Amino acid sequence: LSVASVEDPVVMSKIRQNLREKHARHIADLRAYYDSEIQSLKQQLESSHRTAASEDLRKINQSLADRDWCNLCVLNRCDQLDAALNEASASIKALENKNNLLEKQVADWRERFYAISANSKVLQERLEEMRTTHKEKDNTISRLKSRLKELEEAFEKAYKLSDNKNTRLQEENKMFQNLLGEYESLGKEHERVKDTLNTTENKLLDANTEISDLKRTILKLEAQLKQVEHENALKLRH
């Protein structure tokens with residue numbers, strides 16, 4: 001038998017069924033044989049009872065007793081073999097159940113590992129997107145700072161050129177205040193993006209730690225599974 005056939009529960013069930021049937025037929029043949037021998041000896045004893053001497057009768061009785069003893073030994077041996085077969089079948093069944101349980105645990109841990117890996121990949125993509133957005137907002141803030149500086153310079157220049165242009169100064173002041181408010185709003189949003197980025201990095205670190213733990217658990221379960229399969233193969237060969 002190949003290793004794959006031995007590991008197949010259906011093949012093992014058929015093998016055990018065939019062994020039981022052969023064992024039953026063997027016991028039936030032995031009983032029929034010894035019963036026929038006993039019957040033959042009894043007939044010989046009855047036919048020679050009137051003509052045989054006392055010594056011959058004693059020998060026949062001794063032979064009959066020996067054959068009965070041999071028959072009893074064979075039956076006891078058959079019972080021992082039957083008990084050993086039942087014990088081996090129970091042990092194989094227990095190993096098969098343990099093997100199935102370990103395979104189910106490995107499958108569950110593998111699915112959980114795949115799910116966490118997918119989640120980690122999504123978090124990594126979101127982190128990259130947030131970094132890109134953060135970089136774009138930094139560039140926007142830099143441009144606004146440059147624009148603010150230009151407006152300040154223009155405001156100072158306009159103020160020096162004419163003190164009577166109050167309307168223009170008010171408009172420029174209003175524009176300056178609007179830009180300043182936009183700058184502050186972008187600064188707050190920039191801080192929120194930084195906080196979100198830090199939170200996402202922490203989640204990614206936790207996910208990587210959990211992935212490492214799951215990998216070690218899967219390796220441990222696979223080692224236990226191999227050990228059980230090795231014990232199962234040793235039991236089958238025994």
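Student: What pLDDT does the protein average, and what share of the residues score at least 70?
Tutor: This is a predicted model, and the protein averages a pLDDT of 77. Of its residues, 84% score at least 70.

Student: Which element has the lowest mean pLDDT, and which the highest?
Tutor: Helix α1, residues 3-7, has the lowest at 50, while α4 has the highest at 82. Over residues 1-6 the pLDDT is below 50, and beyond near neighbours in sequence that stretch has five contacts in the model.

Student: How should the coordinates be read where pLDDT is low?
Tutor: Where pLDDT is low, the predicted coordinates should not be read in detail.

Student: OK, on to the fold. How many helices and strands are there?
Tutor: There are four helices and zero strands. Read from the N terminus, the order is α-α-α-α.

Student: What does helix α2 look like in numbers?
Tutor: Helix α2 covers residues 9-47, which is 39 residues. From its first C-alpha to its last it reaches 57 Å, close to the 57 Å expected at 1.5 Å a residue.

Student: Which residues in α2 are buried?
Tutor: The buried ones are Met12, Arg16, His23, Ile27, Leu30, Tyr34, Ile38, Leu41 and Leu45.

Student: Why would residues three or four places apart point the same way?
Tutor: An α-helix has 3.6 residues a turn, so residues at that spacing point the same way.

Student: And the whole protein, what percentage is buried?
Tutor: Of the 238 residues, 21% count as buried. The protein exposes about 17600 Å², and carbon and sulfur atoms supply 52% of that area.

Student: What about contacts, how many join residues at least 24 apart?
Tutor: Taking contacts between residues at least 6 apart in sequence, 87% join residues at least 24 apart.

Student: Changing topic: how many salt bridges does a search of the whole structure find?
Tutor: It finds seven. One of them joins Arg112 and Glu210, with the closest N and O atoms 3.2 Å apart. That pair links distant parts of the chain: Arg112 is in helix α3, residues 54-161, and Glu210 is in helix α4, residues 166-237, with their positions 98 residues apart.

Student: Where does Arg112 stand, buried or exposed?
Tutor: Arg112 falls in between, as partly exposed, at 41% relative accessibility. Glu210 is also partly exposed, with a relative accessible area of 32%.

Student: Which side chain does Glu189 meet in a salt bridge?
Tutor: Glu189 meets Lys137, at 2.0 Å from N to O. This pair too links distant parts of the chain, from Glu189 in helix α4 to Lys137 in helix α3, 52 residues apart.

Student: Why does Lys137 count as buried?
Tutor: Buried means under 20% relative accessible area, and Lys137 counts as buried because its relative accessibility is 19%. Its partner Glu189 is partly exposed, with a relative accessible area of 25%.

Student: What else does Lys137 touch?
Tutor: Not counting residues up to four places away in sequence, Lys137 touches Glu189 and Val193.

Student: Which residue does Arg131 pair with?
Tutor: The side chain of Arg131 forms a salt bridge with that of Glu128, at 3.6 Å from N to O. Both lie in helix α3, three residues apart, or about one turn of the helix. Arg131 is partly exposed at 38% relative accessible area, and Glu128 is partly exposed at 37%.

Student: Which residues are linked with them in a network?
Tutor: Glu201 joins in, so to speak: Glu128, Arg131 and Glu201 are linked in a network of salt bridges.

Student: Now rings. How many aromatic pairs are there?
Tutor: The count comes to one aromatic pair. It involves Phe113 and Tyr114, whose ring centres are 5.9 Å apart and whose planes are at 50°, so the pair is tilted. Phe113 counts as buried, at 15% relative accessibility.

Student: Last one: Lys121, buried or exposed?
Tutor: Lys121 is exposed, with a relative accessible area of 56%. Lys121 is found in helix α3.

Student: How far is the C-alpha of Lys121 from that of Leu204?
Tutor: They are separated by 8.9 Å, although Lys121 and Leu204 are 83 residues apart along the chain.

How values were computed. Residues numbered from 1 in each chain as written. Predicted model: local features only at pLDDT ≥ 70, side-chain atom pairs only at ≥ 80, totals over all residues. Heavy atoms only, no water. Helix = DSSP H or I, 4+ residues; strand = E, 2+ residues; numbered from the N terminus. Buried < 20%, exposed > 50% of the residue type's maximum accessible area, 1.4 Å probe, protein only. Contact = heavy atoms within 4.5 Å. Areas by Shrake-Rupley, 256 points an atom, 1.4 Å probe, with all protein chains shown as cover. Salt bridge = Lys/Arg side-chain N within 4 Å of Asp/Glu carboxyl O. Phe/Tyr/Trp six-rings, centres within 6.5 Å; stacked < 30°, edge-to-face > 60°. Expected span 1.5 Å × (residues − 1). pLDDT = per-residue confidence, 0-100.
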